[in-house]
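Biologist: Please take a close look at a single part of this model, beginning with one residue and its surroundings. Then connect that part to the chain and the assembly, stating the cut-offs behind each term.

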Protein chains: 2
Amino acid sequence: MARIVQKYGGSSVGDTERMKRVAQRVKQYSDEGHQVVVVVSAMSGTTDQLIAQAKELHDNPSEREMDMLLATGEQQSVAFLAMAMHGYGCKAESFTGAQAGIETDGVHCKARIKNIDPERIERSLEKGNVVIVAGFQGASEEELITTLGRGGSDLTAVALAAALNADVCRIYSDVDGVYTADPRIVPEAQKIDRISHEEMLEMASLGTKVMQARAIEFARNFDVELEVRSSETDEPGTLITRESEEMEDKAVHGISLDKDEAKITISRVPDTPGIAARLFQVIADSSVNVDLIVQNVSEQGYTDISCTVPEADLPRFETDLAEKIRTELNTDEITSDKSIAKVSVVGVGMRTHSGIAATAFQALADADVNIKMIATSEIKISCVVPLDDASKAVRTLHQAFGLAEKTSGDE
Amino acid sequence: MARIVQKYGGSSVGDTERMKRVAQRVKQYSDEGHQVVVVVSAMSGTTDQLIAQAKELHDNPSEREMDMLLATGEQQSVAFLAMAMHGYGCKAESFTGAQAGIETDGVHCKARIKNIDPERIERSLEKGNVVIVAGFQGASEEELITTLGRGGSDLTAVALAAALNADVCRIYSDVDGVYTADPRIVPEAQKIDRISHEEMLEMASLGTKVMQARAIEFARNFDVELEVRSSETDEPGTLITRESEEMEDKAVHGISLDKDEAKITISRVPDTPGIAARLFQVIADSSVNVDLIVQNVSEQGYTDISCTVPEADLPRFETDLAEKIRTELNTDEITSDKSIAKVSVVGVGMRTHSGIAATAFQALADADVNIKMIATSEIKISCVVPLDDASKAVRTLHQAFGLAEKTSGDE
C-alpha cells in the first residue's frame, strides 16, 4: 500500500464529465488499497470569471477580498469531486486549504506555506476516505483565507506530499510530460523520462510552463519526487527527481523559450562601486521582477548594464522607473526592447561536459541568429535573441544537441 | 451612533449593478457614523446553479459536501460587496460564517446556531470597518462548514443582531414589507407598519414567505426588533417587534395563504388511548412534517384524524407511509387530497376580541366557501378550503375584517 498525492489542474476538472473521469481514475488507486490524497484546482474558467466580476466592482480589488473570492473556486471543485467519488461508491471527504491544516504567512494573493498540520487528513485517511484538498489556498494564523498565487495548487500538492511522507506525488494536467522543447515549435521534440529538480526549475522559470517554479523548488528542498502526466491517458509522464549520476551522461536535456520578457539597457553608467546595487534597488522598490542581469564594461570609467523584465512591467518601467533611474544613476541612455525572446539550453550534464556554450553560440551563428545578451548558470545557458528568430533558435539548438534522439538519462 | 445589522437577500445582490446599489446604501449609514454589519445571501441564481451541477455528479449528494459547495455562494457575495464598498471609498472587511464566530451544532444542511463569538466582528468594527458577513452558514466545533437551510441568512442576521446588541436589524429584500394579504390576490391589501413576532411567526409559517420562520422565532426569543423593507426604495417597511398593547386594538392583522399543503384523513381509527401518538410517531419516523392536526370523534369507539403535510411529501406518503399506517393502526380508510389551501386569520387582538372565529366562518359561508378543516391557536384561525376557492376565501376574509383600511396598531 502506497500513499499517493495526485493533483488535477483546472482543465482536468473543467466540467462535470471530466470531473467524473478524474473520480474514476482516483477510485482505481483507492480500490487497489492505496491511500489517496487529491489536490484540485478550480474548474477552468471559474477563476477568470470571478476576476472579471471583481473588476466590475473595483479597478484594483483588495487582495484580502480577492483571496476570499478566488478560494471559492477550489472549494467548489473539491465538493464536486467528492460527490463524483461518492457516485462511484468510493468514500471521500473534501477539505478547504485551511481545514487541511495549510498555514500560510498571511501575505494575500501570494502567500507562502509556513506549516502544514496533516492531522486532520491523517484521521480522514484512517477512516478509509479518499481525501480531497482545495489547492491554491491556506489560512494565516489569524484565520484569514490566503491564496498561493497562480499555479499554487502545484505547491499545495508538493507541500502535502512532503508533510504526509507520500510515496508518490503526481501532477496531472493536459500535457503528458516535459519535452526537450515545445513540440509546437520542434515537432520532433521528445518527452523526457526523467529530469532533475534543478533542471526542471530552470525549464519552469525559463518559460516551459508545465509546473509552477515555486512548487518545484519546494520539491527540491524537501526531496519530493514528482511525476508530471496527462489526465487523459495512462502513459507514464516525466519524473522530476533528485539528480542522479546517469543524468549527467547527456549534457543537455532541453531547450526552453520565453517570449514574455523585454530587455532594458542602461548605457554609460559611471562605473563606481555600488552602482548595480543602487540601480536594482530602485527597480525592486517598484516591484518589477528582474530576470537576467548582464554587466559589461564599455569604456573607461563607464559601464553598460542590461537586464530583462516581464514584458507586462515594461509600460510601468518606461513611464515611471526610467525617470527615477536617470536621476539616481545620472545617465540618459536608457533603452528598452520588447521584441526579444530568451532561449535557454538546460542540462545538469553541462557541468561535466565542456564546450556546450561554444556549440550553442556556433549553432546560432550558423543559423544567422544574432545573440543580444548571454547569461549562464551552472546548468543553463540563456541567450536573448530577436523575437522573430525565437523559433528558429529553438529548432537550431534542439538539433545541435541531438535532442530528437531519446534523451532521458536513465536508459 | 447606532449599531445596525442589515441583511440583503439574493435578488438584492443579484448582479454587480445591484451590488453597487447595496454598497451605496450601506455607505450612507456608515457615513452617518453608525457601525454597520451587513449579512449577505448568495447572488440570486448561484445556489440553484450549484445544486444543478451537483445533481449531475450525484442523484443525492452528501449533505456534508453540499454545505462545502453551497457556502461558496455567500462567500463570493461578501467578497464582491467588500470590493464594491472599497470602490466607494468605504472601509470594509468580509468574513465567512466561520470567521464571524458563528458556531453551529454540526447538522449539515439544516444546522442550528449554538453560539456566536462576536469578538472578531467587534475588532473589525473598532477599526472603522463595515463588517460584511456571509449569511446562511457557520462552522461546527470540528470546523466543518455547515449551512442553516434555505433562508438561513435571515437567521444569521437576527442571531448577529442579538450577539452584537444591535440597535436595529433590517431585512432588505424585493418586498417592501408585510401586507394584510398577498397584494396579487387582494389589490387593496395594506402594508402593515408594526406586527408582533408571534403574529409574524404565524404569517411566516402559514405561507407569507417574507422571512424564514426560524429567524423570527429566534428574534422573538432574544427580543430582537426587526424591520422588513425594500432594497430598492427608502420607504419604511414593516416593524416586527415585541407585542405592545396598541396592537390588540385591532383584532386581525392579516390573512395568510398556503397552497403548498395536502390534507390526509385517516378514518375509523379505533379510539384507544395513545392512538394519535402512534400515528404521528410513524409519520415522524419518515421525516414528513405535519402542520395542522385535527381529531374528531366520528362514531362510538372510532375516531377520524386529519392532518396537513407539505404537498411535496405526499408521494412519499402515498407509496410508503400509508401502508405502515394501515398496519400500525389497523384501518383501511386513508384518503388524501392535494387540492386544498390553508387560509389563516392572524392577530394578537384575537385574544381580547370575541367573535372573530364566528365572523370568519360566517363570511366564508356567505361566499359559498366550504370549510374542510379548522384549527386554531391563540392568535390565528386556520381554515382548510378547496384550492379553487383559495383566492376568494382570502379576499372574503380580508374584507370581513376591514383590512383594506390602514391596520397598524401604532396609529
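Modeller: With 13 C-beta neighbours inside 10 Å, Asp15(A) counts as partly exposed. On this scale a residue is buried if 20 or more other C-beta atoms lie within 10 Å of its own, exposed if 12 or fewer, and partly exposed in between, with C-beta atoms placed from the backbone. This is a predicted model: local features require pLDDT of at least 70 and side-chain atom pairs count only at pLDDT 80 or more, whereas totals for chains, interfaces and linings use all residues. Residues are numbered from 1 along each chain as its sequence is written, while chains are lettered from A and ligands numbered from 1 in the order in which they are written.

Asp15(A) is placed in the loop that links β1 (3–8) to α1 (16–31) of chain A. Helices (H or I, at least four residues) and strands (E, at least two) are DSSP runs, numbered from the N terminus. Ser77(A) is 62 residues away from Asp15(A) in sequence, yet their C-alpha atoms are 9.9 Å apart in space.

The chain around this loop has 11 helices and 20 strands. Its C-alpha atoms fill a box of roughly 75 × 50 × 35 Å along the principal axes. For 411 residues, a compact globule would have a radius of gyration near 22 Å, and the 23 Å of chain A agrees with this. That radius is taken over C-alpha atoms, and the globule rule is 2.2 Å times the number of residues to the power 0.38. Of the 411 residues of chain A, 49% count as buried. Two residues are in contact if their C-beta atoms, placed from the backbone, lie within 7 Å. Among the contacts in chain A between residues at least 6 apart in sequence, 74% join residues at least 24 apart.

The interior comes next. In the largest nonpolar core, which has 250 residues, Leu81(A), Ile132(A), Val158(A), Leu81(B), Ile132(B) and Val158(B) touch the most other members. Such a core is a set of buried Ala, Val, Leu, Ile, Met, Phe, Trp, Tyr and Cys residues joined through C-beta atoms within 7 Å. Domain 1 (3–174) and domain 2 (244–406) of chain B both give residues to this core, so it lies between them; the domain bounds come from an automatic or database domain assignment. Leaving aside residues up to four places away in sequence, the residues touched by Ile132(A) include Val38(A), Val40(A), Val78(A), Leu81(A) and Phe95(A). Elsewhere in chain A, Leu321(A) belongs to helix α9 (residues 314–329) and is buried, with 20 C-beta neighbours inside 10 Å. Under the same sequence exclusion, Leu321(A) touches Val282(A), Ile283(A), Ser286(A), Val288(A) and Arg316(A).

The assembly can now be described. The contact between the chains takes 27 residues from chain B and 27 residues from chain A. On the side of chain B that touches chain A, the elements giving two or more residues are α1 (16–31), α2 (46–57) and α3 (63–87) of chain B. Of these, α3(B) gives the most, with 14 residues. By class, that side of chain B has 12 nonpolar, 11 polar and 4 charged residues. Here Ala, Val, Leu, Ile, Met, Phe, Trp, Tyr, Cys and Pro count as nonpolar, Asp, Glu, Lys and Arg as charged, and the others, Gly among them, as polar. Within helix α2 of chain B is Thr46(B), which is partly exposed, with 19 other C-beta atoms within 10 Å. The C-alpha atoms of Thr46(B) and Gly73(B), 27 residues apart along the chain, are separated by 6.2 Å.

A turn of 180° and a shift of 0.0 Å along the axis lay chain B on chain A with an RMSD of 0.1 Å. The two copies are thus related as by a two-fold rotation axis. The superposition is by least squares on the C-alpha atoms of residues with pLDDT of at least 70 in both copies. Thr72(B) comes closest to the rotation axis among the residues of chain B, at 2.6 Å (C-alpha). The copies meet through the same surface, because 100% of the interface residues of chain B are also interface residues in chain A.

Some backbone angles deserve attention. Most residues other than glycine have a negative phi. Asn165(B), however, has a positive phi near 55°; this residue is in the loop between α5 (152–163) and β9 (168–173) of chain B and is exposed, with 9 C-beta neighbours inside 10 Å. Arg268(B), also not a glycine, has a positive phi of about 50°. Arg268(B) is located in strand β14 (residues 261–270) of chain B.
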